[in-house]
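Please open the model in your viewer and keep the sequence panel beside it. The stops below are meant to be taken in order, each with something to select and something to look for.

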Amino acid sequence: MNASAATPLIQAQQLGKHITTPEGDLLILNHIDLNINAGETVAIMGRSGSGKSTLLGLLAGLDKPTTGKISLAGKILNDLDEDARARIRCAHVGFVFQQFHLLPVFTALENVMLPLELKGIANAKEQAQLWLERVGLTNRMTHTPKQLSGGEQQRVAIARAFAVQPSIVFADEPTGNLDAHTSEKIVELIFNVQREQNTTLILVTHDQQLAKQCMRSILLEAGELVKS
Amino acid sequence: MKRYWKLSLHFLHYQWREGLLLTLTLSILLGVGTLAAVNFFTSSVKQEMDNRASELLGADWLIESSQPLPYEIWDQKAQALNLKTAHTLEFMSMVSANNQLQLGAIKAVNAGYPLRGQLKVQGDSILKPGEVLLAPRLLPALNINIGDSLEIGVAKFKVVGVINHEPDAGLAFMAMAPRVLMNLDDVAQTQLLGFGSRVEYRFLVSGTKQAIEQFANEIKPQLTAQQEVTDNMSSRPELVRPIESLLNFLSLTALIIFLLAALAMSLATKTYAEKQTDSTAILRCLGATKADIRAAYLSSLMLLSVVVSLIACLIGYSVCQFFIMLAARVWGIILPAPNILDTFVLSLFTGIILVASFAWPWLLNLQRVSPLRVLQRQLQTPMISSYFIYGSMIIALCVLWSFYQPFLLMIYAWGAILITGSCFILLTYLFLKLVARLGKAIKMPWRLGLMQLRHAKGSSLMQVSVFAFALTIVFFFMLIRQDFINMWGDKFPPQTPNYFVINILPGQLLDVENFFASNQKSVPQFNPMVRARLAAINDREINLQDYPKGDAPNMLRRDLNLSYENILDNKSMVSVEEKMGKDLNLKVGDTLSFQAGPERFTVTIAEFRAVDWYSMRPNFYVISTPSVLAHFPTTYLGSFYLAKSEENFLNELAKQFPNLTLLDVDQIISDLQNLVSQALIIIETLFFLVCLAVCLMLWVIIRTQADTREYVSVILRTLGATKGQLLRGWLSEFAIIGLIAGFIAIIFAQILSALVAIFVFDMVLTIHGLAIVLAPMIGALLYAGLGFLMLQKLENKHVTDL
């Protein structure tokens, strides 16, 4: 795939983020320039506190930058309020988290149905069932997260992320809470589905092996991009 | 829109599974259901009071006067408003037959009489000219039968029947002498009435409430000082007052239950909203807009509140039907059906307001949750101002209470809540500080509970305050209920006097007393009575417009009954009935000038005296000394008990002393007794509902605590604490909370019940000493017991379950 020839799905220019603390301003990200094309897989790496999760939050439209400009799927996120950014997330974005973040009282099926229903898709239940079958949880559909193992919970999260056929999926340490064997299976699943759907995948990870499976890696140090 | 409804319904389903909806549903069912039941019942009882009072008046509204009334002009005005009218005229006269003489209370009526209620007659009930109906007592007294003749004045009349029930018999003292009912057109023939005759003219009206109001507004400005208005609610104050007192009590209790339910709902929703923060962040992350969040959490609740409020109305209606059935089965009182539509609408509105003000504000916070919280869990949600949250609750309560309660009672209640609320928090804070100091000397594991109290200050403050509030309400209800039972339960012991004998002349007094003694009856205490009109207060002539309060207009229009005793040292002093003093703004030292016939005399107020108008013994507005009153024309009166089987004694008494008048108050006593028994059953039922509301409240408190306690408990167990150690630690905390809450609660319940007893129910202050000692122990046992139940659930949890 010739990524550079494609229109960037995400464009970040001179992105910066600082927060105000009682001790003064704290710089988290500074001068980030980044383009990510459709179908590309990108690993964001760096030490704890380097700003990886903050960058992911900004790229996904969960937060607004203090400085710089960011666009997702052709929309400038800086000018949008939280509801407008939510509509963009609903239309284009899926998430997989280290902590899984499934709704605890919902069953696996209901968790996967949720984004489909938010998107207003008519046959949400059937689609969710298909996706749970796809991730190998046919017999676990009516189970709540507490009744599922970590690996199974992450499979539900993957099904939930990809069910709405998003343009881009953000994954924050998707294997951080799993053992080596389960991690391997989960990574395989994520990349398989990503390839099938030609989804853009942005991964935050410490895992070199996982990063190597991505088309490119970017490295953050103290809030600055040192390798892109 | 369809998508939002779908989301709402889905969330309703999920929230039900979460358990929140159970608390909300129970709160609405209990709060709205109780209010609805009381509303339905109040509506029914008020209608019944209206009907009964109208029946007792023979009309809905009447004007009476000692001077002839302009019947024709008023008839025309009334007819224009589609009102029915009737005219009556009453006077005392001797009636004679077979050389027997008897004093009769003559009542002449026209064709329309009675407008309300029924005249029950044995014989012919339609009076033709020249015919009369008699009280049963008159037949043996005059030695005649139905069909015989008697003479009134110079005219002869045929007796066509016996009156078994006269609806408006209790309207005047005079009417209680044996009744003779005649045609109004026949009065002239008797030639009894002339200048100076003592006659009571009445103009009776009945029709719709609006028409009567319009008629009253037109007529009232034209009335003279002698023309007195009586509406259906003022005709039987002895019945109206306890019923109003009972209805006030019911409404107050219903509002207490409502308040408890509302607080339970608020606490439960607050906890639920806090637990939903993470889920909401995920929803926001997945692209849910604020509108989606509102749909998910708020619309679903609105749907729930409407449906559950409707069910609560139905339950309330059933409870009211149960009360109505109880009244019919046990006392044979058939209460009318309540006004269904108004009460349904009001109850539905109440349910929606309850949810909107006590549940919604907490959930509104959820739409402010940032999606970024999925990445940074420590991120705090900017909360909606607590002024907004608590303000909306207070405004909602004010709006609702203004629908249910008289304004004054609402002010009292709010004053009480605000003062007690602030005092609760302050006292709790001080107690907790004290306990924390003492706690340093105590060893582990008992100190565990004290440490928890000291470190989780906010939570402890909340627990003690809320538990104290719930206990205050239970204790308050128990105390006020006991006061109510004490006041009304023993009000009419067996042999309560059921007859009044009046009009005894001073020269007859000894003979009457001997007559009682010779018939083996206990001799009643006879009190002297002088009639005089209050003419001036502090030398200022009475102007009716200056005294609009309470019974003042009625008291000032007519002669008052005064009595004298040797109770006061100073000879020109008087003792005045307390309520009269209030209505006329009197104070000790004021002078009152009375007009008795041509003579005017002035006395000074020495004291105010509480009078029990339900004692069924002679009571007087004003009591002075013999030196002031004894030289005025005096009659004596007294009351006595007579069993139904001994009524012949009355005939003998009437024969021996024909000028005496007897007043039968048996019906009044029986009405009051029925009312009291009914009231007590209703109060017991409401007490049960109060206890339910408090249980709901405690259940919610425990649920709000469950997560934190589970966490701490599991950590301690993992660190090696035994179950026994944990139990001792927790129980010490619970017991202290209960002890403090119980102590604060009983003090406030005592103060509140005293205030309500004095200002709302006209009862006397009672101090319940034993309760003050027992309450803290009850609090400690109850809370420790609840805590013990909760701990049973935690014993098998491990770190891995967190």
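Begin by selecting chain B, where residues 24 or more positions apart account for 85% of the contacts with a separation of 6 or more. Bear in mind throughout the tour that this is a predicted model. Chain B holds 23 helices and 20 strands, and of its 802 residues, 39% are buried.

Now switch to chain A, whose secondary structure comes to seven helices and ten strands. Its length is 228 residues, and buried residues make up 47% of them. Among the contacts in chain A between residues at least 6 apart in sequence, 70% join residues at least 24 apart.

**Where the chains meet**

Display both chains together and look at the place where they touch: 22 residues of chain A are in contact with 20 residues of chain B. On the chain A side, at least two residues each are supplied by α1 (52-59), α2 (82-92), β6 (93-97) and α3 (108-118). Select α2(A) here, since the largest share of this side, five residues, comes from that helix. If you colour the chain A side by residue class, you should find twelve nonpolar, four polar and six charged residues.

**Helix α1 of chain A**

Stay in chain A and select α1(A). Are the residues of this helix buried or exposed? Eight of the eight are buried, so α1(A) is largely enclosed by the rest of the structure. The buried residues are A:Lys52, A:Ser53, A:Thr54, A:Leu55, A:Leu56, A:Gly57, A:Leu58 and A:Leu59. Move just past the end of this helix to A:Gly61, which takes a positive phi of about 80 degrees.

**Two crossing helices in chain A**

Next, select α4 (residues 124-134) and α5 (residues 150-163) of chain A, whose axes come within 9 Å and cross at roughly 130 degrees. That angle makes α4(A) oblique to α5(A), and the crossing is right-handed. To see the contact itself, show the side chains of A:Gln127, A:Ala128, A:Trp131, A:Leu132 and A:Arg134 from α4(A), together with A:Ala159, A:Phe162 and A:Ala163 from α5(A). By class, this contact has six nonpolar, one polar and one charged residues.

Within α4(A), two neighbouring positions are worth selecting one after the other. A:Glu126, which is placed in helix α4 of chain A, is exposed, because 12 other C-beta atoms lie within 10 Å. Its C-alpha atom is separated by 8.8 Å from that of A:Met113, a residue 13 positions apart from A:Glu126 along the chain. A:Gln127, which also lies in helix α4 of chain A, is partly exposed, with 18 other C-beta atoms within 10 Å. Leaving aside residues up to four places away in sequence, A:Gln127 touches A:Leu116, A:Ile121 and A:Ala163. If you draw a distance from A:Gln127 to A:Val164, C-alpha to C-alpha, it should read 9.0 Å, although the two are 37 residues apart in sequence.

**A long stretch of helix in chain B**Return to chain B and select helix α10 (residues 340-358), whose 19 residues should span 27 Å at 1.5 Å a residue; the end C-alpha atoms are 27 Å apart, which agrees. Then show the buried residues of α10(B), among them B:Thr343, B:Leu346, B:Ser347, B:Thr350 and B:Gly351. Further along α10(B), the buried residues include B:Ile353, B:Leu354, B:Val355, B:Ser357 and B:Phe358.

**Backbone details in chain B**

The last stops concern the backbone. Most residues other than glycine have a negative phi, and most peptide bonds are trans.

Select B:Tyr113 and B:Pro114, which are joined by a cis peptide bond with an omega of about -15 degrees. B:Pro114 is found in the loop between β3 (100-109) and β4 (120-123) of chain B.

Move on to B:Gln520, in the loop between α16 (509-518) and β12 (527-537) of chain B. What is the phi of B:Gln520? The value is near 55 degrees, which is positive in a residue other than glycine. B:Gln520 is exposed, with 7 other C-beta atoms within 10 Å.

Finish at B:Asp539, which is placed in the loop between β12 and β13 (540-541) of chain B. Phi of B:Asp539 is also positive, near 65 degrees, again in a residue other than glycine. With 8 other C-beta atoms within 10 Å, B:Asp539 is exposed.

Key:
Residues are numbered from 1 along each chain as its sequence is written. Chains are lettered from A and ligands numbered from 1 in the order in which they are written. Helices (H or I, at least four residues) and strands (E, at least two) are DSSP runs, numbered from the N terminus. A residue is buried if 20 or more other C-beta atoms lie within 10 Å of its own, exposed if 12 or fewer, and partly exposed in between; C-beta atoms are placed from the backbone. Two residues are in contact if their C-beta atoms, placed from the backbone, lie within 7 Å. Ala, Val, Leu, Ile, Met, Phe, Trp, Tyr, Cys and Pro count as nonpolar, Asp, Glu, Lys and Arg as charged, and the others, Gly among them, as polar. The expected span of a helix is 1.5 Å times one less than its number of residues. Axes are lines fitted to C-alpha atoms, for helices over the stretch in contact, and angles run from 0 to 180 degrees between N-to-C directions. Angles under 35 degrees count as roughly parallel, over 145 as roughly antiparallel, 65 to 115 as roughly perpendicular and the rest as oblique. A crossing is left-handed if the near helix is turned anticlockwise from the far one by less than a right angle, and right-handed if clockwise.
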